[in-house]
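Q: I have a model open and want to go through a few local features before setting anything up. Can you take them one at a time?

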Amino acid sequence: MVAESGTAVRADLPHRTMPRARLTVTDVSKSFSGRTVVDVDSLTLGDHPIEGLIGPNGAGKTTLMRLIMGSLKVDSGKIRLEREGRREIELSRLPAHKIAQSGVVKSNQVITDFEGLTILDSLLLSVTPARREHPLHLAGERATYDEHRAAIERQLDDFGLEDSRRVALSAGEKKLVDIIRCLLLRPAVLLLDEPTAGLPGEVTRKVMDAVEKLAADGTTVVIIEHDLAVIWRLCAQVTFMAEGRVLLRGEPSDIREHKTVVESYLGQGHV
């Protein structure tokens, strides 16, 4: 493996200078119809504010994220969440909604929207606590709006979604709403699955800026992204997967120049 010790850290992002959540994946495997799609002996995510997860299609990256989130169950092994000052949680034993309540959040790779909800209502639903989730709890709806109004308006303004009383129309708008939902939750761990896919360059830069700010405030961020410019810019540590296994970990500069990565994924033009 590429050496993990002595990894250079971006100057504008803190490195373990504040309590930061960590995910540990130990002896985790997942198979479908006899084919193993994830087989990870040992992987720790969270020693750096933003880490990248790259590899060819079918490498098992999204499946691994789904195992972390509980939308798929592991066949064997353990996935644990460590947060300073809190009891360690074995996520692989929890249902998906309990994992989300533990502070682990994932964006959607496939564009997903709450059918018929306005942009504002969709964002309010994402930040509504369980105690206020009642169809007749109008006071709770107002309290939720008042509590999150400033943050919602700031995010909408940053991303240019001015009219929040309408539904998201384009695929790009729906992706942005999904990303904003994740940002508003300010999770302990944020898993981003191709967050900039299909977005224009200006919007991609805004997403990257927002992710950097969230990480600087203490969130552990892990990104799957085929736009490698995003990975090289944001990530202090990169994990390369292929055929369900973790093959390499290290600094972006080491990963992008490694013979295995160049030959099986990047091609000579990316070095």
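Q: Where does Val 127 sit?
A: Val 127 belongs to helix α3, which covers residues 119–127. This is a predicted model.

Q: Buried or exposed?
A: Val 127 is buried, its relative accessible area being 9%.

Q: What is Val 127 in contact with, leaving aside neighbours within four places in sequence?
A: Thr 144, His 148, Leu 184 and Leu 185. In addition, the C-alpha atom of Val 127 is separated by 7.7 Å from that of Arg 181, and these two residues are 54 apart along the chain.

Q: OK, zooming out. How many helices and strands in the protein?
A: Nine helices and 10 strands.

Q: And what share of the residues is buried?
A: Of the 271 residues, 49% are buried. The protein exposes about 13,200 Å², and carbon and sulfur atoms supply 48% of that area.

Q: What about contacts across the sequence, how many join residues at least 24 apart?
A: 67%, counted among contacts between residues at least 6 apart in sequence.

Q: Switching to charges. How many salt bridges?
A: The structure has 15. One of them pairs the side chains of Arg 22 and Glu 82, at 3.0 Å from N to O. That pair links distant parts of the chain, with Arg 22 in strand β1 (residues 22–32), Glu 82 in strand β4 (residues 76–82), and their positions 60 residues apart.

Q: How accessible is Glu 82?
A: Glu 82 counts as partly exposed, with 24% relative accessibility.

Q: Which other pairs should I look at?
A: Arg 166 and Glu 173 meet in a salt bridge at 2.8 Å, N to O. Arg 166 is partly exposed at 24% relative accessibility, whereas Glu 173 is buried at 17%. There is also a salt bridge between Arg 186 and Asp 217, whose closest N and O atoms are 3.0 Å apart.

Q: Where are Arg 186 and Asp 217 in the chain?
A: Both are in loops: Arg 186 between α5 and β7, and Asp 217 between α6 and β8 (220–224). They are 31 residues apart, and the pair links distant parts of the chain. Arg 186 is partly exposed at 49% relative accessibility, and Asp 217 is partly exposed at 41%.

Q: Which residues are joined into one network by salt bridges that share partners?
A: Arg 22, Asp 47 and Glu 82.

Q: Back to Arg 186. What is its phi?
A: Phi of Arg 186 is positive, about 45°, although Arg 186 is not a glycine.

Q: Why flag a positive phi?
A: Because most residues other than glycine have a negative phi.

Q: Which other residue has a positive phi without being glycine?
A: Glu 194 has one, with phi near 50°. Glu 194 is in the loop between β7 and α6 (201–216).

Q: Is Glu 194 buried or exposed?
A: Glu 194 counts as buried, with 16% relative accessibility.

Q: Last topic, the surface. Which residues gather in a patch of negative charge?
A: Asp 157, Asp 158, Glu 162 and Asp 163.

Q: Where is Glu 162, and what is its relative accessible area?
A: Glu 162 lies in the loop between α4 (138–158) and α5 (171–185). Its relative accessible area is 80%, so Glu 162 is exposed.

How values were computed: Residues are numbered from 1 along each chain as its sequence is written. This is a predicted model: local features need pLDDT of at least 70, side-chain atom pairs count only at pLDDT 80 or more; totals for chains, interfaces and linings use all residues. Side-chain values use heavy atoms; hydrogens and water are left out. Patches are made of residues with over 30% relative accessible area and no salt bridge: like charges are joined within 9 Å, nonpolar side chains (Val, Leu, Ile, Met, Phe, Trp, Tyr) within 5 Å. Accessible areas come from the Shrake-Rupley method with a 1.4 Å probe; for residues, only the protein chains shown count as cover. A salt bridge is a side-chain nitrogen of Lys or Arg within 4 Å of a carboxyl oxygen of Asp or Glu. Lys and Arg count as positive and Asp and Glu as negative; His and the chain ends are not counted. The place of a charge is taken as NZ of Lys, CZ of Arg, CG of Asp or CD of Glu. Helices (H or I, at least four residues) and strands (E, at least two) are DSSP runs, numbered from the N terminus. Buried means under 20% relative accessible area, exposed over 50%, partly exposed in between (1.4 Å probe, protein chains only). Contact means heavy atoms within 4.5 Å.
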